[in-house]
Structures are given as structure tokens and as C-alpha cells.
Amino acid sequence: MEMQQIFVTRPSMPPYEEYVKMIEPLWESHILTNMGKYHCELEDRLKEYLDVPQLSLMVNGHMALELVIQAFCFPKDAEIITTPFTFVSTTHAIARNQLKPVFCDVKEADGTIDENRIEDLITCKTVAIVPVHVYGHVCNISAIQRIAEKHGLKVIYDAAHAFGVRYRGKGIGCYGDASIFSFHATKVFNTIEGGAVSFAEKELYDRLYNLKNFGIRGEELVAEIGTNAKMNEFSAAMGLCNLKYIQTAIEQRKRGYDLYKRMLTGLKGIRFLNGSSEATGNYGYFPIVVEEEYGESRDALYDRLRKNGIHCRKYFYPLVCDQECFAEQYRTTELTVARRLAQNILTLPLYEGMGEDVIERIVKQCLRAGERK
């Protein structure tokens with residue numbers, strides 16, 4: 001019998017008939033893009049669900065970050081402090097705006113940017129901080145805001161992992177000057193491909209509209225230079241369908257997350273990352289840190305799981321600053337915790353509708369090399 005393959009994630013999808021019914025009117029209207037009915041409706045629904053004052057939909061999460069950085073009109077060659085423990089998109093968005101990423105170390109407990117090290121990196125060229133709510137773990141928002149206000153810096157949160165997370169009773173997208181979300185197929189909430197920027201200043205909506213729609217403001221008016229980063233109607237329709245089931249999806253993920261934690265707790269050399277007690281989780285990921293006491297390395301565990309049809313992710317390894325496109329500039333940066341975390345992190349499969357038998361199969365493999373404390 002062929003071994004069942006278990007992948008690190010599986011996209012959430014609504015009932016087939018429901019999506020088909022949703023997109024039927026598109027054949028009648030022939031309106032597929034350019035901020036159509038579904039685009040506008042999803043923007044309103046997400047603004048309400050995420051509990052944010054303003055929101056602009058984008059074609060994907062990367063363009064959301066790249067364009068919101070551009071929207072703040074930072075001087076070229078300015079510096080932005082960010083984390084190396086993230087997906088490469090975060091750093092690419094900075095570099096593609098002709099700005100210099102300055103990497104700050106992270107914290108052992110949750111993998112988020114170490115707020116106690118930020119001020120040491122600030123120079124006369126620093127214009128902003130781009131922290132990442134990695135795995136949905138909320139950064140130290142209060143400390144970061146104090147630093148930003150003290151030094152006159154913008155704060156743009158990469159909240160690609162944090163859809164639906166609430167912190168101190170407010171939507172996570174309310175904090176800082178702006179936050180970006182990713183609606184990629186692998187995320188807790190998806191529009192197949194998509195993203196959004198949340199923000200407080202109303203003026204930013206028009207600026208982002210221009211940037212994502214070639215600067216077009218009328219049939220004969222192009223107000224500024226922009227690009228094409230609009231979400232299409234098929235993606236918006238998928239988002240509207242998936243949003244109906246988001247609470248169920250998060251609850252199912254939580255059950256899987258809790259089962260993993262219950263079964264792996266006490267296993268020597270396996271450590272969990274812990275988020276803030278003041279934040280609600282969305283259970284998008286289940287990362288473990290494989291330490292020396294475990295009995296085999298992270299890479300050995302990864303290889304053994306893969307041989308048994310279980311596809312995990314070394315998420316995030318290597319660090320962004322060590323990737324070939326950045327390595328010559330940033331390889332010598334002192335990032336002790338981030339490098340140690342990257343060398344030992346392993347993200348186990350977790351998705352909506354994941355059966356207990358699947359999790360038990362994964363845990364059984366993890367138990368083979370480890371001992372109970």
C-alpha cells in the first residue's frame with residue numbers, strides 16, 4: 001500500500017457548490033477585476049472582522065508590504081530595522097524600495113524581534129521598524145511603540161501570520177502605523193492569493209489605491225506612477241466564502257495544536273515557543289525547537305519524518321541575511337539567538353480538518369528518538 005503523504009499545510013476551501021454559486025454572476029457581468037462588487041464587499045467584511053479602521057486589499061501579502069513602505073515616501077538609502085527570522089518577502093519588500101534592511105536579533109521565547117536590541121541599531125538614517133508577528137506570536141508592541149515615538153520612526157508590522165489575532169482586546173492590525181496580512185493559500189485565511197494593508201490614516205487609502213492601480217484616478221487622469229497590485233473578483237469571492245468558516249477553521253486548528261502540545265510535552269530536548277498571554281492565537285503553525293538533549297539533530301528528525309511521508313518545514317532556515325542575495329552584505333551581523341533558533345526550528349504539519357490519527361502518526365515518529373523527562 002502506498003504511504004499517505006502528510007504535508008505541512010493544506011489550504012482551507014469552502015464547499016465546492018458554494019464557491020461555484022458565488023462566481024456564477026461573474027459570467028453574467030464579465031467584471032473580473034478593477035475593484036468590483038466582491039472586492040469592495042470583502043474589503044468591508046475584513047475591516048469588520050479584523051477590527052481595523054482602514055483596509056486596502058492587494059493581490060498578495062508581499063505587494064501589500066512593498067507598497068505600504070513605498071506609500072510612506074522614505075528617502076532612498078534610508079535604513080529600516082527588521083528581523084532576519086522571517087520569510088524572505090519581508091526583506092525583499094524593503095530592499096526593492098531601495099532601502100537598507102538592518103537586522104535585529106530575536107527572542108528565544110517566541111522568535112519575535114528583540115525590542116531590547118532595537119535602539120542600539122538606530123542611526124541618523126533609520127526611518128522605520130518592520131517587526132514580524134512570527135507564527136502569529138505578537139511582538140512587544142508597547143516597547144516598540146515607545147522606541148518609535150522617541151526616535152520619530154514609523155512602525156509597519158508584518159502580520160502575514162497573524163490573521164484574526166487579537167491583542168489586549170483589539171485587532172492586531174490596529175497597532176503601529178500600518179500592518180500587512182497575507183491571504184496566500186497556505187495561511188489560516190486565504191483568497192487563493194491575496195493580501196491587505198490595515199492602517200489608521202484615511203489619507204493612506206488613496207495613496208495605496210494609486211500605487212496598486214497604476215495611479216489611475218479617472219478615464220483620462222493618471223495621478224502618479226503605480227503598479228498593478230489589485231485583487232481580482234475570483235480571489236475576493238473565495239475570501240468571502242472562506243470568511244464564513246474562519247472561526248471553525250481556527251477552532252479545528254486549535255484542537256490539533258493542543259493535541260500536539262499534550263502529546264509532546266515532557267519529551268526531553270523538544271521546546272515550544274510561547275506567545276503573549278494577552279493575545280489570542282490563530283494556531284496557524286506548530287513549531288518545535290529541537291535541542292541537543294533530544295537525541296538527534298533537527299535535520300536528522302526532518303529527514304526521518306520525510307522518509308516516513310511527513311513533510312515538515314525548517315521555517316525559517318537559513319536566516320534571510322544568510323541567503324545568497326544578501327549574504328555578502330549581512331553574513332557578519334551578530335544574530336546569536338536568531339541563528340541558533342533557525343538551526344533548530346522545525347514546523348510540524350497543522351491544518352484545518354487534520355485528524356487525530358494523522359497527528360498521532362507524526363508524534364509517534366518524534367517519540368522514536370526522544371525520552372520523557
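1. Start with helix α9, residues 298–307, in this predicted model. Helix α9 lies across two strands, β13 and β14, and its direction makes an angle of about 25° with β14. Helix α11, residues 336–344, also has β14 among the strands it crosses. Along with β14, α11 lies across β12 and β13, and it runs at about 45° to β14.

2. What order do the strands under those helices take in their open sheet? Reading across, you get β12-β13-β14, and the pairing is antiparallel. The edge strands are β12 (270–272) and β14 (345–348), each of which pairs on one side only. If you look along the sheet, neighbouring strands are turned by 40° against each other on average, ignoring direction.

3. Now zoom in on one pair from that sheet. Strand β13 covers residues 286–290, and four bridges link it to β14 in the antiparallel sense. For a concrete example, find F286: its bridge partner in β14 is L348. A bit of background helps here: strands of a sheet pair through backbone hydrogen bonds, and they can do so parallel or antiparallel.

4. There is also an open sheet of seven strands, with mixed pairing. Its order is β1-β9-β8-β5-β4-β2-β3, so don't expect the strand numbers to run in sequence. Why do β1 (54–58) and β3 (100–103) each have a side without a neighbour in the sheet? They stand at the edges with a single partner strand each, so one side is left free of a neighbour. From one strand to the next, the twist averages 25°.

5. For a parallel pair, look at β4 (residues 126–130) and β5 (residues 154–158), which are joined by two bridges. I129 is a handy place to look, as its bridge partner in β5 is V155. Helix α5, residues 141–151, packs on the sheet here, touching both β4 and β5. Its direction makes about 150° with that of β5.

6. Another helix to check is α4, residues 88–95, which lies across β2 (79–82), β3, β4 and β5. Against β3, helix α4 runs at about 140°.

7. Finally, the empty space. How many cavities of 30 Å³ or more does a search of the whole structure find? Just one turns up, and the largest cavity holds about 50 Å³ of space. Residues lining the largest cavity include A160, H161, F163, S182, K187, N282 and Y285. Sorted by class, that lining has five nonpolar, five polar and one charged residues.

Definitions and conventions:
Residues are numbered from 1 along each chain as its sequence is written. This is a predicted model: local features need pLDDT of at least 70, side-chain atom pairs count only at pLDDT 80 or more; totals for chains, interfaces and linings use all residues. Side-chain values use heavy atoms; hydrogens and water are left out. On a 1 Å grid over the protein atoms alone, a cavity is a set of points where a 1.4 Å probe fits but cannot get out, and a pocket is an open set with protein on both sides within 12 Å along at least five of seven lines; lining residues have an atom within 4 Å of a point. Grid points are joined across faces, edges and corners, and a volume is the space filled by probe spheres set on the points. Ala, Val, Leu, Ile, Met, Phe, Trp, Tyr, Cys and Pro count as nonpolar, Asp, Glu, Lys and Arg as charged, and the others, Gly among them, as polar. Two strands pair if DSSP finds at least two bridges between them. Axes are lines fitted to C-alpha atoms, for helices over the stretch in contact, and angles run from 0 to 180 degrees between N-to-C directions. Contact means heavy atoms within 4.5 Å.
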